[in-house]
Amino acid sequence: MTIVAPDAEGLRRAVDLLHRESVVAFPTETVYGLGAHAFSAKAIAEVYRLKNRPLWNPLIVHVANVAAARALAQEWPDAANDLSAQFWPGPLTLVLERARQLTRVGAPIDTIAVRVPAHDVALKLLEASGLPLAAPSANRSEGISPTTAEHVLRSLPEVPLILDGGPASWGIESTVLDLTGPMPKLLRPGALGLRALREVTGAIALPDEVVDGTARSSPGLGRRHYAPKARVIMAKEVSSVDHGSLAGPVAVLSYESVEDFADAQVAEVLSADPREYAADLYAALHRLDDAGVGTIIVQAPPETEEWLAVRDRLRRAAA
Ligand code: TXA
Ligand code: MG
């Protein structure tokens with residue numbers, strides 16, 4: 001039995017594993033993370049092994065408060081002050097220059113990504129362990145991120161302990177912002193929208209990828225990612241897709257009704273509100289995988305900025 005309640009006993013077991021340089025999956029407000037002592041080479045190696053994650057892809061370090069984040073950074077720019085005051089705890093990851101005395105967290109780079117998660121269980125675990133916790137999403141590399149403890153168990157059955165904090169409230173990963181250059185730069189669109197960020201920082205540079213859908217931004221953003229087992233096809237008009245040649249069963253994932261697509265054997269109809277849609281997206285993809293569908297036809301969401309993170313994930317799922 002690896003899924004445990006996040007009560008005093010569950011937390012004690014989790015802290016014990018972390019102190020022994022093992023790993024623990026825990027809930028955050030975005031998705032579940034696979035946590036490890038950020039500066040234990042042994043624990044970090046276990047994270048990469050369990051996820052089958054490429055070694056060049058760095059990890060986000062989770063800390064309990066702003067002071068702990070600051071201690072990991074060589075430079076703490078004004079923007080980091082303003083953004084952390086406004087959005088932490090919360091779904092924003094800041095990339096900063098890593099403090100010189102610290103060893104790297106996985107990938108061989110001089111920067112460090114940090115955030116303070118807005119989840120009671122995550123914060124309790126950070127406080128009780130007294131450790132900065134590196135935590136990528138708790139799924140096999142390129143798979144769908146987990147928004148429940150059961151998702152983690154199915155993707156990473158070898159994880160010794162999973163703290164169950166219920167379904168993640170945002171359901172999509174944090175926004176990753178690089179503060180090492182002259183202008184804040186978006187590396188990964190995520191839960192926190194650009195409009196809210198701009199109100200604090202002013203202009204934000206967008207990666208080419210967001211603008212034209214080609215180049216790579218965040219090192220971890222390989223083109224294919226967040227992918228279910230089924231083939232994913234994006235279409236403006238679901239009903240216009242000729243499904244005759246598609247591997248079945250064929251499923252439709254839409255944000256409007258699907259009465260036009262009578263041939264779909266399975267349908268997931270999500271909200272037309274981007275935040276609600278994002279919260280349900282990964283769970284819907286997990287359900288479609290469980291249903292064993294061969295193809296998922298996804299109704300392409302609107303081209304507006306509010307849908308940026310959702311479009312990004314769907315594009316990668318379809319790549
Ligand atoms: O919401 C989240 O961010 C979740 C929860 C568990 O906190 N974590 C998460 O981690 O999504 P992961 O490893 O699945 O994605 C981290 C992303 C990757 O694209 C990685 O390349 C990027 O952040 N990243 C990490 N450290 C970086 C750094 N120093 N510079 C640039 N990108 C970095
Ligand atoms: Mg991930």
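**Exercise 1. Classify Val159 as buried or exposed in this predicted model, and describe its surroundings.**

Solution.
Step 1. The relative accessibility of Val159 is 1%. Buried means under 20% relative accessible area. Val159 therefore counts as buried.
Step 2. In the chain, Val159 belongs to the loop between helix 6 (149-155) and strand 8 (162-163).
Step 3. Leaving aside residues up to four places away in sequence, the contacts of Val159 are with Thr2, Ala25, Leu34 and Leu50.
Step 4. Between the C-alpha atoms of Val159 and Ala138 the distance is 9.3 Å, while the two residues are 21 residues apart in sequence.

**Exercise 2. Determine in which sense strand 9 and strand 10 pair, and state what joins them.**

Solution.
Step 1. Strand 9 covers residues 175-178, and strand 10 covers residues 185-188.
Step 2. These strands pair over 3 bridges, in the antiparallel sense.
Step 3. Within this pairing, Lys185 of strand 10 stands opposite Asp178.
Step 4. The connection from strand 9 to strand 10 is a hairpin through 6 residues.

**Exercise 3. Locate the cis peptide bonds that involve Pro89 and Pro249, and give omega for each.**

Solution.
Step 1. As background, most peptide bonds are trans.
Step 2. Trp88 and Pro89 are joined by a cis peptide bond, with omega about -10°. Pro89 lies in the loop between helix 4 (78-87) and strand 5 (92-97).
Step 3. A cis peptide bond also links Gly248 to Pro249, and here omega is about -10°. The loop that contains Pro249 runs between strand 11 (231-235) and strand 12 (250-254).

**Exercise 4. Examine the phi angles of Glu21 and Glu142, and assign an exposure class to each residue.**

Solution.
Step 1. For reference, most residues other than glycine have a negative phi.
Step 2. Glu21, which is not a glycine, has a positive phi near 65°. Its place is the loop between helix 1 (8-19) and strand 2 (24-26).
Step 3. Glu142 is likewise not a glycine, and its phi is positive at about 75°. Glu142 sits in the loop between strand 7 (133-134) and helix 6.
Step 4. The partly exposed class lies between the buried limit, under 20%, and the exposed limit, over 50%. Because the relative accessibility of Glu21 is 33%, this residue counts as partly exposed. Glu142 has a relative accessibility of 43% and therefore counts as partly exposed.

How values were computed:
Residues numbered from 1 in each chain as written. Chains lettered and ligands numbered in written order. Predicted model: local features only at pLDDT ≥ 70, side-chain atom pairs only at ≥ 80, totals over all residues. Heavy atoms only, no water. Pairing = 2+ DSSP bridges. Helix = DSSP H or I, 4+ residues; strand = E, 2+ residues; numbered from the N terminus. Buried < 20%, exposed > 50% of the residue type's maximum accessible area, 1.4 Å probe, protein only. Contact = heavy atoms within 4.5 Å.
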